[in-house]
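User: I am new to reading protein structures, and I would like to learn how to go from a picture to careful statements. Could you show me the structure and take me through its features one at a time?

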Amino acid sequence: MGIFSEIFSWWGGNTWGTRLTIARQGRYVGSDSFGNRYYEQLKGVGPEGPLGRLRRWVTYTDLAEPSKVPPEWHGWLHYTVDVPPTEEAYTPKPWQKPHRPNMTGTPEAYRPAGSILGTGQRPRATGDYKPWRPE
């Protein structure tokens, strides 16, 4: 990443201000399979005010894309669970698939049969559709 984009663009990753905030106020908690790093506020009162919860945040490896946060870290970020995934021994169920970010706009996006960008033929109408006609 170039120095100018690192200074001026917040969407391209961590800026110098973010790094300074992390160094002064953050405690590293863990990282996920995408390389995103998760932090918690060292001391003070976070966004929950009188509840006394510490602020939690994530820094992304590349573009700031919230759909790249796996479900277990999403729960921790939003105070659904108190223990970060790095401190618990969770094993996924056999029916659970690995997390995938939102693939819209990429070649791996879902395209149903018959769509403009998809392959295959659109299924024929079943005859239960009646168009509206003004009287």
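Analyst: Let us begin with a single residue, Gly-26, which is buried because its relative accessible area is 17%, and the cut-off for buried is under 20%. Please keep in mind throughout that this is a predicted model.

User: Where does Gly-26 lie, and which residues is Gly-26 in contact with beyond its neighbours within four places in sequence?

Analyst: Gly-26 lies in strand β1, which covers residues 26–31. Leaving aside neighbours within four places in sequence, Gly-26 is in contact with Thr-21, Glu-40, Leu-42 and Trp-57. Of these contacts, Leu-42 shows how positions separated in sequence can meet in space, since Gly-26 and Leu-42 are 16 residues apart in sequence and 5.4 Å apart from C-alpha to C-alpha. Gly-26 also stands opposite Gln-41 in β2.

User: How many helices and strands are there in the chain, and what pattern does the chain follow along the sequence?

Analyst: The chain has three helices and three strands, and reading along the sequence gives the pattern α-α-β-β-β-α.

User: How many bridges join β1 to β2, and in which sense do β2 and β3 pair?

Analyst: Strands β1 and β2 run antiparallel and are joined by five bridges, and one partnership to look for is that of Tyr-28 with Tyr-39 in β2. Strand β2, residues 37–41, also pairs with β3 in the antiparallel sense, over four bridges. In that second pairing, Glu-40 has Arg-56 as its bridge partner in β3, while Tyr-38 stands opposite Val-58.

User: How many residues of β2 are buried, and which residues of β3 are buried on each side?

Analyst: Strand β2 is mostly covered, with four of its five residues buried. Strand β3, residues 56–59, is covered on both faces, for Arg-56 and Val-58 are buried on one side and Trp-57 and Thr-59 are buried on the other. For the chain as a whole, buried residues make up 25% of the 135 residues.

User: What should I expect of nonpolar side chains in general, and which residues make up the largest nonpolar core here?

Analyst: In soluble globular proteins, nonpolar side chains tend to be buried together. In this model the largest nonpolar core has eight residues, namely Val-29, Tyr-38, Val-58, Tyr-60, Val-69, Trp-73, Trp-76 and Leu-77. Helix α3 gives the most to this core, with three residues.

User: Is Leu-77 buried or exposed, and what does Leu-77 touch?

Analyst: Leu-77 lies in helix α3 and counts as buried because its relative accessibility is 13%. Not counting residues up to four places away in sequence, Leu-77 touches Tyr-38, Arg-56, Trp-57, Val-58 and Val-69. Val-29, another member of the core, touches Trp-73 and Trp-76 among others, and its list also includes Tyr-38 and Pro-84.

User: What is the usual sign of phi in residues other than glycine, and what is the phi of Tyr-79?

Analyst: Most residues other than glycine have a negative phi. Tyr-79 has a positive phi, near 60 degrees, although Tyr-79 is a residue other than glycine. Tyr-79 is placed in the segment after α3 (71–77), and Tyr-79 counts as buried because its relative accessibility is 14%. A glycine with a positive phi is found in the hairpin of β1 and β2, where five residues lie between the strands and Gly-35 takes a value near 95 degrees.

User: How is empty space found in a structure, and what lines the largest pocket?

Analyst: Rolling a probe the size of a water molecule over the atoms shows where empty space is left. About 390 Å³ of space lies in the largest pocket of this model. Its lining includes Pro-70, Pro-71, Glu-72, Val-81, Tyr-90, Lys-97 and His-99, and the residues of the lining divide into seven nonpolar, two polar and three charged.

Methods. Residues are numbered from 1 along each chain as its sequence is written. This is a predicted model: local features need pLDDT of at least 70, side-chain atom pairs count only at pLDDT 80 or more; totals for chains, interfaces and linings use all residues. Side-chain values use heavy atoms; hydrogens and water are left out. Helices (H or I, at least four residues) and strands (E, at least two) are DSSP runs, numbered from the N terminus. Buried means under 20% relative accessible area, exposed over 50%, partly exposed in between (1.4 Å probe, protein chains only). A nonpolar core is a set of buried Ala, Val, Leu, Ile, Met, Phe, Trp, Tyr and Cys residues joined through side-chain atoms within 4.5 Å. Contact means heavy atoms within 4.5 Å. On a 1 Å grid over the protein atoms alone, a cavity is a set of points where a 1.4 Å probe fits but cannot get out, and a pocket is an open set with protein on both sides within 12 Å along at least five of seven lines; lining residues have an atom within 4 Å of a point. Grid points are joined across faces, edges and corners, and a volume is the space filled by probe spheres set on the points. Ala, Val, Leu, Ile, Met, Phe, Trp, Tyr, Cys and Pro count as nonpolar, Asp, Glu, Lys and Arg as charged, and the others, Gly among them, as polar. Two strands pair if DSSP finds at least two bridges between them.
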